[in-house]
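Please find below my notes on the structure, set out as numbered points so that each can be checked against the coordinates in turn.

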Amino acid sequence: MRGSTAVAVGSLLAGAVEAQAANGVVQWGIQKRQPESSQQPNRLRKRASTYEEVITNDQVRGGYFATCVLGTPGQNLTLQLDTGSSDIWVPESTAQICKTSTQNSNGCSLGSFTPDKSSTFTVVGQGEFDISYVDGSSSKGDYFTDVFEIGGATLQNMTMGLGITTDIPYGLVGVGYALNEAIVGTTQSAASTYPNLPVNMVNEGLINTVAYSLWLNDLDASTGNILFGGIDTEKYVGDLTKIEIYPTSQNLYTSFLVAMTSLLANSPSGNDTLTSRQFPIPVVLDSGTTLTYLPTDLAMQAWKEAGAVYSTDFGAAVIPCNMQNSKGFFSFGFAGPNGPLINVTMDELVLDLPSGPTPTFSSGVYKGLDVCEFGIQNFSSAPYLLGDTFLRSAYVVYDLINNEIGIAATDFNSTKTNIVAFPSSSAQIPSATVAPNQAQVTVRPSATTPAYAASAGFTDSAATSSGSGSGSSSSKNAAPGMPQAFDMAQVVKMRVYRAVAALNNSSRTLGARHGARYSSLGACRFAAGSASPSPIRIGATQFETRRHFSGSSISRAAAVGAAEAALKQAKELAAANMTPEAVAARMSPEEHKRLSRVRNIGIAAHIDSGKTTVTERILFYTGRVKAIHEVRGRDGVGAKMDSMELERERGITIQSAATFADWTKKENGEDVQYHINLIDTPGHIDFTIEVERAMRVLDGAVMVLCAVSGVQSQTITVDRQMKRYNVPRISFVNKMDRMGANPFKAVEQINSKLKIPAAAIQIPIGSEKEFEGVVDLIEMKAIRNDGQRGVNLKISKEIPPDLKELAEQKRQELIEKLADVDDEMAEMFLDEITPTPEQIKAAIRRATIGLKFTPVLMGSALADKSVQPMLDAVCDYLPNPANVPNTALDRSRGEQSVQLIPYNSLPFVGLAFKLEENPYGQVTYMRVYQGSLKKGTYLFNSRTDKKVRIPRIVRMHSNEMEDVNEIGAGEICAVFGVECASGDTFTDGGLPYSMSSMYVPDAVMSLSIKPKRSSDADAFSKAMNRFMREDPTFRLHVDGESEETIISGMGELHLEIYVERLRREYKVDCETGQPRVAYRETITHKAPFDYLLKRQSGGPGDFARVMGWIEPNEENAEDNKFETQVVGGTIPDKFLAACGKGFQEACEKGPLLGHRVIGASMVVNDGATHVTDSSDYAFNLATQMAFRKAFKDAGGQVLEPLMKTTITAPAEFQGNILMLMNKRGTIVDTEVGADEFTMVADCSLNAMFGFSTHLRAATQGKGEFSMEFSHYAPAPPHLQKELVAKYEKELEAKRTK
Ligand SMILES: Nc1nc2c(ncn2[C@@H]2O[C@H](COP(=O)(O)OP(=O)(O)OP(=O)(O)O)[C@@H](O)[C@H]2O)c(=O)[nH]1
Ligand SMILES: [Mg+2]
C-alpha cells in the first residue's frame, strides 16, 4: 500500500498550518481523520438493532479536517471541510455534546469555541443560526462575527454560526454554493445569504475570484489541501478539463452537480464498458461523503467486476482486503464523448474498517479473508455522489462564478508546487481546456451488457498476493454464508451528504443549462430569489451583501425577518403537511372502506384515439347503458358521452362529459364493488381547457394511445397536463385490431418521449384482425373475450405456446423497470428473488401513485376486446381519494397551505370546476374534497363570500342525471342553482379556505362577429354570456375603435363551434369577419426617455415629467415589468404608483398595432412635479406618452404566434405536404412509419388560415393536422410593415371621420 512518501502540507494535529496568502491565493492544509474513538462505533459494525442509531452521519465516516484560529486571542479549532454546505459554524464549549464527548469538560476534542474569551466576539443574530443537513444532523444557536484565521489569511469580520445545541461534536467549514447556507427559506423568495468564506476572501482582497482547488492525497496519506483563488499545476497530471456544473430545475446553483457519462472497468485481463439506464448520471462531487454512490444497476456491475459482494450484515458492498493489490481500476468519464476520464485504482477503493478487530469472511470462497468495505456503493435515486473514494483520484477546481469545475487526474503525493492564481474576478480556470462534447452529455456510452472481461484481472492479482488460493472467478458470486437481503434504509443512513436540507429536494436536469451565464460583472448567482429590490453585484473586489449582521443595519432586520418568516412557515407547513399515508393511518374503518372503493378518473388522449369508444364499453360492461352505440355509428344514435348534436355529427368530442359506474371485481375469490366517477375529455387541442379542468380535479387518469400511432402530438399535451396536476395514470393501447398495431412501440415511446418509466403488463394474443385478447404478465394467464359484445371473459392458465418466451421476456422487463423505480422491487431484484403477483401488483400501485411509473395495458374497444382488464387496473393501480394529497390555501393564515382530508365528518370544502347550462337550468360540477354535501344545506362561495342554498344534487350521466340526497367526501357531483364562476371554492362557511384554480391558456385567434338580424341582439348576448361563463378560454370584447364585437379563442374550430352553437341552440345567425391573429408587440433594445407633460388651460393644469428608460424584460419575455429607482424624492411615491398604472395601460394597447405589449421593462428614475398642477392623472398620462414615444427608439416590433403543427397522412402524400409546408413554416421533425408519416413544423398562425382545405386537396382527404400554440416570434418584416401601415390607415380614417 502506498503512503510512506506522504507529505502533509499542513497537519492540524500538530497545530501547524502552512499558509500562503500572497499573490491572490490562500492555501490551507487538511488532513483526513477520524474523531476520537470513544465516539467512534465501527463504521461497518454488525447491524444489530442496538447499534443502529449511531450510523447516522460522518462522525462515523471520517472526513477531511483542518485547523483554523478563531477570536482574539486566537482559539485553535479543527473543522471539517464540506463542499455540500456553505456555513462556517463551531460548537460552543458548553454545548452538551462537547461535555459528553470527553471525560473532562474542556469542550469538544477537536476544539470548540469559548466566546467569553474573545474580545472581538459579537453576536449578530441571536437564536438565528439553525442548520439541518440532509443526513439528519443539525446545529442551532446564534450568528456571530469574529476574527477568523485560516491558512495564514485573516478575515476580520467573518459571520459564523455558534452551535449551542448540536449533535455534531466538531465544527464545519462549508465551501459550497452560498445557497446551501443555513438560513435559506423553503420558498426561494425568502432565501437570503451572506458572504461565506470564499466570498469573504474576495471581499477582503485576499483572492480574486470565488474559486478554489482541492487536492486530496491518497488513502493512506490522507492529507491534502484546499487552495482558494488558484490552482496548483503540480498537483495533477495530464490536462485540466473544464466541465459544466448544472443548476436545479429552478435554475439555482446549489451543489457541484456534473454529468457522469461513462464508467469503464480495466484490468490486465480485459476491459468492460459498464452500462446504466441512468446515463448521463447526475453526480454531486462532495468531499463531505466518504464513499461513492452510483445507481444500483451500475454499482452492481462494478461489484461484479471487482469481486465485491453485498452483505446484509454490514448493509453495504464488501470486499476482501487483499483486493487492495488488484491491478484493476475503474475509469470515470464526464461531460460526454471524449470528456475527461479519471482512473480510480483499487487501492483507493478498498477501505479498512476504522477501528476494532477486522472481521473475516466466515464461509464461501473468501472464507478466512479480512473484510473491507468497497468504495463504490449503490443508491436508488439521483443525485448520486462521488465522495472521497473518487475525489482522491481527481484534482478538482471549483469555479463558483462561471459554474464550472476543472478536473484532472491527481498527482498522488506530489511534493512540488506551482501555484497559478485566478487573475481577476470571474476569470476562467487557468490552464484548463473545455471538454469537447459537453453538449452531447445525453449520448450514452455504446455498450451492451458487460462481458465482465475485466473481472478475472481484478481477482487474479488479489489471489496471487493473498496466497490463500481463494479469489477464483467464482468469487463474483456472493460469498456463501452471507445473507443477501438488501436493506435500503440502512444504505440511506450510511450516505452522508452535507447539503443543507431545505434545498436538497430541488430536482436537477442535465443536458440543457437554463438561462444566461452571468457576465463578468453580472449579478451574483448566490443571490437567491427576488426578496431584495436591488440585485447583488460583484464589483471589482467588493461584494455588496443582502444580509448584514451589524447591529445598525436596517436591511438586516428585514432580511432576518424574512428568513424567520420563511423558517416559521416551513415548520408550520411541515406540521400541516399530513401525507396521504398519515391521513390513511388515522382514518376510521368505515371511511377507509368507503374511500378505498372510490376512483375518480379521467380519460385523456390524442384526438380520435378512441376515448369515447372506450368509455362506451366501460358504461356497457358496468351495466350503465344497455346497448353499445358507436361514435358516428351506422345506427345514427351515437356514443353516450358525445351527447351534443354537433359532436355526433362530426364524430369528435367537444365538451367533456361526466358519468359514473359501479364495477364489480373479483378479489381473492370475492366480488368487490368499486364506484368509478369518470370524465371523458375531448382530444382536439382547441378544447384543451376541458382536459385541463378534468385533470385539476381527478385523482387518476387512463391515457389512451393508438396502437398504430403510439405517442402523438396531443398525447404530449395531455401528458403535460397530467404532470401539471400530478395525476397518476395507467396507459391503454387501443386499436389493437388495426393494421400495423404495435403496443411495444407505444411502450417505448412513453419511456422515451414522455419520459415516464413504463412497461407492458400484458402482451397481445394475435394481432390486427386476429387480435383475440391478452396474456396478463403478472398472473401469467390468457384473457379472451367471449359472448355477445365480449361481456364474458375466458381466463386460462394456458398461455399459447408461441407466446411463452415473449411473455417471460416482457415479464422480466416489467420487473426490471419496477426495480428501477421502487425500492422494494430493487431489493428483490438484487437478491434475485422472483416477486409474487401480489408483490408485483403492490409495486405497480406504489410506483404509479408515486408518479414514477405507468403500467401499459392493451386492447381494442371497437372490437370489444380486453377492456375489462383495464377496468380492473383502474381499481388496482389508480389512487383512491385518500391516496393523493389535496391542499387548500388558508386565507386567515397568509394563504398557508392546508391539507384537505376526505372525511365525511369534517367541514365541507369543494371546488366548482365546470359550469354548464342544460334545459333544467344552470349546472355546476363540483369535486367534494372534504366533508359531505347534503341537499338543502347552505354553502359559502369563498371568492364572493355569498351564501347559497343547494336545492338539488345530481350525479351526471352524460346529458342525463340522477338525483341524490347526499354526496360523500372525495366524490364528484353536480349541483343546481349555484351562481358562480368556474374555479370557485365552496365551504360550509366555517373554513376560510380557497383552492388554487386551473391553468387557462391564452387565446391565439379572434374573429369579429355580429348577429345578422338586429332583433337577435338579446339572444346573442345571452348566449355569449353563457359561453364565456362555461369556457374560460372563450373571450369576448368590444373593440373601442371599430366598435366591433370580437370573440377570441384557441383556434379556428373552437370559434367555429361557438358560431354554430349560436345558430343551433339560440337560432341566431351571425356574420363573421376574417379570423385574426392575436399579435403582440415588444421592444428589442434599451432606449431612454425624458417626457414632460405640461398643459395649461384656464384653471389647474397638468404637469408631470418622467425620466428613465425602457428595455426588454430579460426575466420573462411574456411579462412586463415596472420599476422605480427614484432618489431624493423627485417624484413622490403616490405619483410613482400612477406611473406604474400608466405603464400597464400603455402595454394593453401597443403603439404599433394596438395589440398587447409583452416582454417590456420600464424604469423611472427621475422626474419633476409642480406644486399645484401635478396629479395621478398627469403622471399616468405622462408615463403612457413617454412609453409610446420611447417604444420606437427601443426597436419596437410585431410578434406573431407560432404554432406547433403536426400533420399525419399516408406516406404517398409526403411530397405534396412538403410543398404545402414550405411556404408556411419550418419543419422541425419528420417521422416516417410503415404506411403513415408525421411531420411537425413551427408555422406562423397567419399562414395557416384555410389550411384544412389545402390539406384535404393535397391528401385526398386522408391527411390530418393539429395545431397548438408554441411561442411568439417576430413577424416577417414585410408583414410587420403591412400591418402597421394598415393600422395607421384605420386610425387616420377614424380621425378624419
Ligand atoms: N379500429 C379501431 N377503431 C377504433 C377503436 N376505438 C375507436 N375506434 C374508432 O376511432 C374513431 C375515434 O373514436 P372516438 O372514440 O370518437 O375517439 P376519441 O378519442 O373519443 O375522439 P375525440 O374525443 O374526438 O378526441 C372512431 O371512428 C372509432 O370507431 C378500436 O379499438 N379499433
Ligand atoms: Mg371522444
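1. Ile799 is placed in the loop that runs between β38 (792–796) and α16 (804–821). Its relative accessible area is 9%, so Ile799 is classed as buried, and its C-alpha lies 9.3 Å from that of Ile783, a residue 16 positions away in the sequence. As with everything that follows, this should be read as a statement about a predicted model.

2. Val727 can be considered in the same way, since it belongs to the loop between α14 (713–724) and β33 (729–734). The relative accessibility of Val727 is 3%, and the residue is therefore counted as buried. Between Val727 and Pro879 there are 9.4 Å from C-alpha to C-alpha, although 152 residues separate the two in sequence.

3. The surroundings of ligand 1 deserve a careful look. The shell consists of 19 residues, and the closest are Lys611, Thr612, Thr613, Thr653 and Asp737. By residue class, the shell around ligand 1 comprises five nonpolar, nine polar and five charged residues. Helix α11 (residues 611–621) makes the greatest contribution to this shell, supplying three residues.

4. Which residues place polar atoms 3.2 Å, 2.8 Å and 2.7 Å from oxygen atoms of ligand 1? At 3.2 Å the partner is a polar backbone atom of Ser609, whereas at 2.8 Å a polar side-chain atom of Lys611 is involved, and at 2.7 Å a polar side-chain atom of Thr653. Ligand 1 would expose 640 Å² if taken alone, and the protein buries 88% of that area.

5. On aromatic contacts, a search of the whole structure returns 25 aromatic pairs. One of them is formed by Phe1251 and Phe1265, whose ring centres are 4.9 Å apart and whose planes meet at 75°, an edge-to-face arrangement. Because Phe1251 belongs to helix α25 (residues 1251–1259) and Phe1265 to strand β66 (residues 1264–1274), the pair ties together parts that are 14 residues apart in sequence. The two rings belong to residues with separate accessibility classes: Phe1251 is buried, at 0% relative accessibility, while Phe1265, with a relative accessible area of 26%, is partly exposed.

6. Ring pairs also join Tyr212, Phe228, Phe256 and Tyr398 into a cluster. Two contacts between a charge and a ring may be inspected alongside that cluster. In one, the charged end of Lys810 sits over the ring of Phe744, at 4.2 Å from the ring centre; in the other, the charged end of Lys947 sits over the ring of Tyr938, at 4.8 Å from the centre.

7. Asn1180 lies within helix α23 (residues 1176–1193), and its relative accessibility of 14% is under the 20% limit, so the residue counts as buried. The side chain of Asn1180 is joined to that of Glu1145 by a polar contact of 3.5 Å.

8. Some backbone values call for attention, given that most residues other than glycine have a negative phi, and most peptide bonds are trans. The peptide bond from Thr72 to Pro73 is cis, with omega near -10°, and Pro73 is located in the loop between β2 (63–70) and β3 (75–82). A cis peptide bond is likewise found from Phe279 to Pro280, where omega is near -5°; Pro280 is part of the loop between β14 (270–274) and β15 (281–285).

9. Positive phi values should be checked at Ala335 and Leu851, neither of which is a glycine. Phi is near 55° for Ala335, a residue of the loop between β19 (329–334) and β20 (341–345), and for Leu851 phi is about 60°, within the loop between α18 (837–849) and β39 (854–858). Is each of these two residues buried or partly exposed? Ala335 has 3% relative accessibility and is therefore buried, whereas Leu851 has 40% and so counts as partly exposed.

Definitions and conventions. Residues numbered from 1 in each chain as written. Chains lettered and ligands numbered in written order. Predicted model: local features only at pLDDT ≥ 70, side-chain atom pairs only at ≥ 80, totals over all residues. Heavy atoms only, no water. Phe/Tyr/Trp six-rings, centres within 6.5 Å; stacked < 30°, edge-to-face > 60°. Helix = DSSP H or I, 4+ residues; strand = E, 2+ residues; numbered from the N terminus. Buried < 20%, exposed > 50% of the residue type's maximum accessible area, 1.4 Å probe, protein only. Lys NZ or Arg CZ within 6 Å of the ring centre and 35° of its normal. Near = heavy atom within 4 Å. Polar contact = N/O pair within 3.5 Å; in protein donor to acceptor, adjacent residues only side chain to side chain. Areas by Shrake-Rupley, 256 points an atom, 1.4 Å probe, with all protein chains shown as cover. Nonpolar A, V, L, I, M, F, W, Y, C, P; charged D, E, K, R; others polar.
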